[in-house]
Amino acid sequence: WDFLVEQMIEEAADSMGVSQTRIIITIVALILWLIFVFAFIFLAIQGWFAQGSFETTIQSLFICVSGGMTKFLRQKTSAEQYGNIDELVRTIIRNDKESGPASSEQRSLVS
């Protein structure tokens, strides 16, 4: 019975695209990410307490790189994507018109 259950679990995992190789790659990537995060934090702390001009430049570089990476890695919403703002506004207006006039209770919640 245990063998059958184990085989079913492996088949379900394979059908979802989860394999041992994928799990190992994900774990290695997470460990590398943690190493980079800790290295960044410790270097930032070390640079923050030194008061020279070079250290100040490094602090500014840390801030610029972290802001740039955040902007690069985050997913943009549909409103932020180029060309979709007009369509988004039209959809909102169309949906608002289709829903009809707001009830007095909804108006009191808004105001």
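Student: What is the area of the nonpolar surface patch that includes Met16 and Val18?
Tutor: Good place to start! This is a predicted model, where local features need pLDDT of at least 70 and side-chain atom pairs count only at pLDDT 80 or more, while totals for chains, interfaces and linings use all residues. Residues are numbered from 1 along each chain as its sequence is written, and side-chain values use heavy atoms, without hydrogens and water. Met16, Val18, Ile23, Ile24, Ile27, Val28, Ile31, Leu32, Ile35 and Phe36 make the nonpolar patch (side chains within 5 Å, over 30% relative accessible area, no salt bridge, that is, no Lys or Arg nitrogen within 4 Å of an Asp or Glu carboxyl oxygen), and its area is about 970 Å².

Student: Why does Ile35 count as partly exposed?
Tutor: Ile35 is a member of that patch and sits in helix 2. Buried means under 20% relative accessible area and exposed over 50%, with partly exposed in between (1.4 Å probe, protein chains only). Ile35 counts as partly exposed because its relative accessibility is 49%.

Student: And what is the relative accessibility of Leu43?
Tutor: Leu43 also lies in helix 2. Leu43 counts as partly exposed, because its relative accessibility is 46%.

Student: How far apart in space are Leu43 and Gln59?
Tutor: In sequence, 16 residues separate Leu43 from Gln59. From C-alpha to C-alpha, their distance in space is 9.4 Å.

Student: Which helix supplies the largest share of the lining of the largest pocket?
Tutor: A pocket here is an open set of 1 Å grid points where a 1.4 Å probe fits, with protein on both sides within 12 Å along at least five of seven lines, and lining residues have an atom within 4 Å of a point. Helix 2 (20-49) and helix 3 (53-73) each give at least two lining residues. The largest share, seven residues, comes from helix 3.

Student: How many charged residues does that lining have?
Tutor: Among the lining residues are Trp33, Phe36, Ser66, Met69 and Thr70. By class, 10 are nonpolar and two are polar, and the number of charged ones is zero.

Student: What pattern does the chain follow along the sequence?
Tutor: The chain has zero strands and five helices (DSSP runs of H or I, at least four residues; strands are E, at least two). Read along the sequence, the pattern is α-α-α-α-α.

Definitions and conventions: Nonpolar A, V, L, I, M, F, W, Y, C, P; charged D, E, K, R; others polar. Patch = residues over 30% accessible without salt bridge, like charges linked within 9 Å, V, L, I, M, F, W, Y side chains within 5 Å. Areas by Shrake-Rupley, 256 points an atom, 1.4 Å probe, with all protein chains shown as cover.
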